[in-house]
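Visitor: I am new to this structure. Please show me how to read its features.

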Amino acid sequence: MTETSLLSIKQASEWASKHLGKNVTTSNISYLIQYGIIKKIGENGFTRIDLKELKHYYQSYKGSRESTYKNNLGEDLNWKLSFEQYKEAETTKHVHRLHPYKGKFIPQLVEYFLGDHIDNFKKEVFFRRGDIVLDPFSGSGTTMVQASELGIHAIGVDVSAFNTLIGNCKVSRYDFADIQKEINRITINLEIMIKNSKINDFEEKLVKELYIYNNKYFPVPDFKYRLRRGEIVENEYGAEKEIGFLPIYEDLVKKHEIGLLLSDKNTFLDKWYTPQIRAEIDLVFEQIKEIENVRTKKIIAVILSRTIRSCRATTHADLATLIEPVTTIYYCSKHGKICKPLFSIHKWWKTYAKDTINRLKQFDRLRTDTFQLCLTGDSRNIDIFEEIKKKQNDFGATLEKQKIKGIFSSPPYVGLIDYHEQHAYAYDLFGFERRDDLEIGPLFKG
């Protein structure tokens, strides 16, 4: 191939894989085209990419993170422990993506230190099958999950009641038929509510109008390609096109009598959810309360929490760092077009319900017959032995006999995260006690 070669998407993925020393899929290449990072040459079915442009992108990418970190931290940094070669799907495998959580470490890091191999860096084995490991800052339960895969018993402790729920739901055993039955029952009732509202007709017409408008003013992939090259001033152009579509949006809202915000904003749920979504959340939550099987009830509660996190009244770009409620159309820098707020939880509820069951089944094939349990409390003074005995007598007996072999944990990121506030919607909905004052170095303290 010469510098001026034009590559197919498949050829581009093969070249990039060889260049980076890791798998780059055709989907990865298509993403670069879709988001205007690499120019598309030709039409669909005959798409080509300029090798020179592809080389320029990947040469600026290769090794840059490693060099930056070593310049800051020293040449003795063990870059292998960055696990940079893994794709996101691998670092969020099975139950590790059961619910969003800021500040979790990747499972490969836990596997490395808990596993029984040694190398030039890890010169001894710290844990063996049947040992008990303690994670005093359990977070979303990564240590417990990987301990189970490795045949190691694990105890987690976390000051956050919601973190404890997430961690224990990841390592619990389930009656999958019961989960599916309850999800089906709840979904039917949710769909009846939606059918009796005007939301479907409204969204259908809104989506159609947005499709026409975005194709005209934000054509894919040309718009993003021009944007990256400075041919368009994004903020000015986006604001102008927002104003252009606003009359269409307001007319549809008025015609279908769509409520946009609750007048009473005393709680997180009141502030960040539109009336229709709030009503749907309340319906599903009431349905969950009727579930008899406690484990089924808890995991479906986690599905609801994951769902409502994605349905807050905000922009796609601000989902993780809420600023102000957004209940109108807006220019979305993430997607490079005019986007709309959500008006129903239905799509995400069904998506996450299916995804959760699949992830639980994947983990069920990998887990071992060992004990894992997370306790809610302050690691400095909780009586671990007594609390384990209360909740799981068999685990308590094993703990009394073997004791804890060692600790493996990821301490809180000081000054970077408010661990309770990131799940404020769940605390509000489920009524969990908040213990923000016991967090170590929370963001709100500066």
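Guide: Start with the elements: helices (H or I, at least four residues) and strands (E, at least two) are DSSP runs, numbered from the N terminus. Phe137, for example, lies in the loop between strand E3 (132–135) and helix H7 (142–149). This is a predicted model, where local features need pLDDT of at least 70, side-chain atom pairs count only at pLDDT 80 or more, and totals for chains, interfaces and linings use all residues. Residues are numbered from 1 along each chain as its sequence is written, and side-chain values use heavy atoms, with hydrogens and water left out.

Visitor: Is Phe137 buried, exposed or partly exposed, and why?

Guide: Buried means under 20% relative accessible area, exposed over 50%, and partly exposed in between (1.4 Å probe, protein chains only). Phe137 has 31% relative accessibility, so it counts as partly exposed.

Visitor: Which residues form a nonpolar patch on the surface with Phe137?

Guide: Patches are made of residues with over 30% relative accessible area and no salt bridge; like charges are joined within 9 Å, nonpolar side chains (Val, Leu, Ile, Met, Phe, Trp, Tyr) within 5 Å. Areas come from the Shrake-Rupley method with a 1.4 Å probe; for residues, only the protein chains shown count as cover. Here Phe137 is joined by Val414 and Ile440, and together they have about 270 Å² of accessible area.

Visitor: How many salt bridges are there?

Guide: Side chains of opposite charge can pair when their charged atoms come close. The rule asks for a side-chain nitrogen of Lys or Arg within 4 Å of a carboxyl oxygen of Asp or Glu. By this rule the count is 27. One of them joins Arg229 to Glu53, with the closest N and O atoms 2.6 Å apart. Arg229 lies in the loop between H11 and helix H12 (234–256) and Glu53 in helix H3 (residues 51–61), so the pair ties together parts 176 residues apart in sequence. Glu53 is buried, at 18% relative accessible area, while Arg229 is partly exposed, at 35%. There is also a network of salt bridges, which links Asp178, Lys181, Glu182, Arg185 and Glu290.

Visitor: Where is His94 found?

Guide: His94 sits in the loop between helix H5 (88–91) and helix H6 (107–114). At 3% relative accessibility, His94 is buried.

Visitor: What does the side chain of His94 join in a polar contact?

Guide: A polar contact is a pair of N or O atoms within 3.5 Å; within protein, one must be able to donate a hydrogen and the other to accept it, and residues adjacent in sequence count only if both atoms are side-chain atoms. The side chain of His94 has such a contact of 2.6 Å with that of Glu149. Glu149 also forms a salt bridge with Lys93, the closest N and O atoms being 3.9 Å apart. For plain contact, heavy atoms must lie within 4.5 Å. Beyond neighbours within four places in sequence, His94 is in contact with residues including Val145, Arg359 and Phe363.

Visitor: How many aromatic pairs does the structure hold?

Guide: A pair of aromatic rings is described by the distance of the centres and the angle of the planes. Rings of Phe, Tyr and Trp (its six-membered ring) pair if their centres lie within 6.5 Å; planes under 30 degrees apart count as stacked, over 60 as edge-to-face and the rest as tilted. The structure holds 24 such pairs. In one, the rings of Tyr112 and Phe113 have centres 4.9 Å apart and planes at 85°, so the pair is edge-to-face. Ring pairs also link Phe162, Phe285, Tyr427, Phe430 and Phe432 into a cluster.
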